[in-house]
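Good morning, and thank you for making time for this item. Please bring the structure up on the screen, and I shall go through it element by element.

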Amino acid sequence: MSGTALAEDVGVWIALSESGGPYAEAAGALRDDLTASSPRRADVRVGPWQDMLAASGKPPQLVVTVGAAAFRGLIEDAQRGGALANVPVLAILVPRAFYESLSSKARAPTSAVFLDQPINRYLDLLRLAMPERKRIGVLLGPESAPLSAALAKAAAARGLQLITAQVGSDDELYPALRNVLTDAEVLLALPDARVFNTGSLQNILITTYRQRVPMVAFAPGYVRAGATLALYCSPAQAASQAAAAVRAFIGGRGLPAPQPAGDFSVAVNDRVARSLGLSVDDAAGLADSLRRQEAQR
Amino acid sequence: MAACCGGILAIVAGSAIAASEQDYFTEMPEVLSVSRLAQPLDETPGAVTVIDREMIRRSGGRTVVDLLRLVPGFITSNFEGGARPIASYHSDYHDILNHLQVFVDGRSVYSTLLVGSANYGMLGVVLEDVERIEVLRGSNSAAYGADAFLGVVNVVTRHSADTRGGMVSASVGEGGVHDRLARVGWGDERATFRLTASRRGDAGYADFYDSSQINQAHFRGDLQATPKDELTLTAGHADLRWGAEMKDPRLPAHDENWRNSYGRLQWTRNMDSADQLKVGVTVDEERYLNFFPVLRADGVSRRTEIEAQHSFAAAPGLRMVWGGQYRYEHLISSDLFANQPDQSLALWRVFGNVEVIPHPAWVINVGAMAEKHSIVGSSIAPRLTVNYHLTPDHTLRVGATTAYKQPTLFDLRADWQYTYMGVPLRDVLASGKARSERVNVIDLGYLGRLRDLGLTADVRWFHEKVIDLLSYYQPPQSSRRDLVNKDPNVQQGWEMQLRWQPVPSTQILLNHMQLRLLPDATSTSPKDADRAPRHVSTVAWFQRLPADFEFALIYSETAKYYYVRPEDVVPAFHQTDLRLARRFAIGSTRAEAAVTVRAADGGHIDYVERGLPPMYLDRRALASLRLEF
């Protein structure tokens, strides 16, 4: 292709929050994707974000941060006028709330591929998996509270009834859960560390199960713990979406606007589902149905 | 202690975390491990009907027996008047109905004093505290011991963490209905408690001296001692007083009284995924008092039970549960045991069950219980059940089992004699030769779900051969009656439950039982064929309406039958109960107001016994208000 001969390779650094785990998985997939096909060759470098900041020499044209710590590190460095202060940043494996709290402080253009799934998609999955359950309980904490209006709209459009409760402090969590479970037929867990964290999950799961209410969550770890379903974006899926954004950037079209997770995976805890008397399709079947449904829109 | 503080620190630390990908990728410990999960209905070794809290509330039922009307195969009525509701699964062969095992939070509520009947114990349940009632339709001594002769009713009360706050409720209505309840629940994430006080009363059947009132108080405390260890303490007291009219017109109507106090401590340890240990200790005391100088059966009984159960996964596809129980019963009654008022027995049990899943489509359960009774000796109750999933939504089940019912202390040692104004009222002298009753059961089941229609079906075909039934018998040379094993009897038939939810706001139950009693050719009671209705059908319709209104209709039809003497026939009848309720909020208080009409279609003869007028269950409306805050 003529493009490859036009200019030198584009430097893309992938800055990891931590080594291993989902960070390495996403970075590996992104690097493979970029080196396999790009309008211009990408010179990809992967490493811990601290090493990237300390690196001397020519800065890259784009930094992809993987995880929150790397993005925060880059932004704080930019505020101090560091070497990468003027390099555009694409953040992946970050929640929207986190990204938005920091992105305005950047000096260079930034964008992101969020981990957050669109609210519509959660509700569509619920309708596919448990069509008979129409009363959806949601606990909203400080981070998820802004979703309240979108939730209400999406639920109304699908004929679902929302039962929400606000959790402002840890003390309010269990009374709120009790209120929601009085009427809810399913509990939709949205990411918010005030509500759902390793300390609270055991009590929440046991309480919902005792009342025969399935939980639909946002991470596969929750399904292993005992949630019935999860809708999430895997590191590889995030990487694939990020690769498209990076290719656009390399192709000279700039960074696309921040975007919610485009692709998704579904996890099902079959044992919990069956114990609750639910007959839920397998994860791949649900994901396929959901994709087909979205494609028809 | 270290573990508890770790939990609290984790919660505090959790609150400090800002949103990050950690929310999505942190590994979570397995919380709902296999040992904490209820078995899916299509894998249970037997037919199971579950009545949940929502259905309990929406049915308008006041007692456990009212709810058993919603379970296929159950026959419900009252005993000698309207004060003591009774329930049996299929035909019970004993007018006091004592072939059903009833648990409340793991505590067997059968009456040592009252010939093993569990019907009094079922009255000592406050429905507002109940999370669900699981009914195992079919004999199951292999898992639950003797008394699980025809079936098991397992009442599970709500966890005290789910009933924090306050509740008051009241019902008043025709037929002297006056029910009151007050409940308070408190605690934190580690320990929660509940105290419930209730009074329930009504005037019984129309035109009959059988009014009753039961006052009761129950306590439940749950302690999460460590993330793996839970302690549950339950304790309570119930005091039932009712009016009894006598079969002989020369005898005055009078009051009788039953009191029960209990305490139970249960420790549950959830270890690895499928590994769970449960240990329980129960103490129970009963008193029966007759406010009438003759035909007394006064006494006191005390019972202590200690049991342990361990379940674990022995290998992939192989789960085991095994355990044991020791029970000691002590009974003092100079009325029932004139010769030797102080009676006792001890019982040891060991049981085990293996669940094998050789292939995802097959679930095989093999189990047995060995019991050693200090008076009647040993017995072994085996069971084999095979479930086959035709598809994930359609399951066939076949089972075979033998179950036992041991004779009670009354059956073995009774010496009960009363004469009043020349009328011999009771004259029983047990020879002590009574052996355990036995039932051999073969059953077939189908459990299916048609997801697109919102329909589930549960069908059970059964053949129950009951052997060595205990019955009164007067030897030719004696003036006194003995309790002896006699007449084998077969009950066979089928029953089904359809649950249909065509739209989310509508739920419909359709139950039907077809039952044939086939007394053995040698039977001394050939008319036992009519001891139970040939069919019982129930339709229940639960409907949510706009503006938070709810409606329920329960209609049942029962064929004619008798259960005391062949000539005491209860004619075929039908009964329609209606309920309209509205839920609303007053500030943060949740409220529900309801009107319930029992026998809205006019009423019927519900109980017949020689010497008593036919007892009429009449139309009765009542209004209820419940506030939760």
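Leaving aside its neighbours within four places in sequence, B:Thr232 is in contact with B:Asp222 and B:Gln266. I should say at once that we are looking at a predicted model. B:Thr232 belongs to strand β12 of chain B, which covers residues 229-244. Is this residue buried, partly exposed or exposed? B:Thr232 counts as partly exposed because it has 19 C-beta neighbours inside 10 Å, and a residue needs 20 or more to be called buried. For a sense of distance, take B:Ala414: 182 residues separate it from B:Thr232 in sequence, and the two C-alpha atoms are 37 Å apart in space.

Let me widen the view to chain B as a whole. Its secondary structure consists of seven helices and 33 strands. The C-alpha trace spans about 90 × 55 × 50 Å along the principal axes of chain B. What radius of gyration would a compact globule of 629 residues have? The expected figure is near 25 Å, and chain B has 25 Å, so the two agree. Of the 629 residues in this chain, 42% count as buried. Turning to contacts in chain B between residues at least 6 apart in sequence, 58% of them join residues at least 24 apart.

I now come to the strands, beginning with three that follow one another in chain B. Strand β14 (residues 276-290) runs antiparallel to strand β15 (residues 299-315) of chain B, and 13 bridges join them. Within that pairing, B:Gln276 has B:Ser311 as its bridge partner. On to the next strand: β15(B) is joined by 15 bridges to strand β16 (residues 318-332) of chain B, again antiparallel. Which residue of β16(B) is the bridge partner of B:Ser311? It is B:Val321. B:Ser311 therefore has a bridge partner in each of two strands, B:Gln276 in β14(B) and B:Val321 in β16(B). β15(B) and β16(B) form a hairpin with two residues between them, and B:Gly317 in the turn has a positive phi of about 75°.

Elsewhere in chain B there is an open sheet of five strands with mixed pairing, in the order β1-β6-β7-β4-β5. Its edge strands, β1 (47-52) and β5 (107-108) of chain B, each pair on one side only. At the β5(B) edge, two bridges connect that strand to strand β4 (residues 100-104) of chain B, and the two run antiparallel. One of these places B:Phe103 opposite its bridge partner, B:Ser108.

Next, the nonpolar cores. The largest has 116 residues, and A:Val64, A:Ile92 and A:Leu229 have the most contacts inside it. Helix α11 (residues 235-253) of chain A gives the most to this core, namely eight residues. Apart from it lies another core, of 98 residues, which includes B:Leu70, B:Val102, B:Phe462 and B:Val466.

Finally, the contact between the chains. How many residues does each chain contribute? Chain A provides 48 and chain B provides 41. On the side of chain A that touches chain B, several elements each supply at least two residues, among them α2 (21-36), β4 (89-94) and α8 (170-183). α9(A) gives the most to that side, with eleven residues. By class, the side of chain A that touches chain B has 21 nonpolar, 16 polar and eleven charged residues.

Terms used:
Residues are numbered from 1 along each chain as its sequence is written. Chains are lettered from A and ligands numbered from 1 in the order in which they are written. This is a predicted model: local features need pLDDT of at least 70, side-chain atom pairs count only at pLDDT 80 or more; totals for chains, interfaces and linings use all residues. Two strands pair if DSSP finds at least two bridges between them. Helices (H or I, at least four residues) and strands (E, at least two) are DSSP runs, numbered from the N terminus. The radius of gyration is taken over C-alpha atoms; the globule rule is 2.2 Å times the number of residues to the power 0.38. A residue is buried if 20 or more other C-beta atoms lie within 10 Å of its own, exposed if 12 or fewer, and partly exposed in between; C-beta atoms are placed from the backbone. Two residues are in contact if their C-beta atoms, placed from the backbone, lie within 7 Å. A nonpolar core is a set of buried Ala, Val, Leu, Ile, Met, Phe, Trp, Tyr and Cys residues joined through C-beta atoms within 7 Å. Ala, Val, Leu, Ile, Met, Phe, Trp, Tyr, Cys and Pro count as nonpolar, Asp, Glu, Lys and Arg as charged, and the others, Gly among them, as polar.
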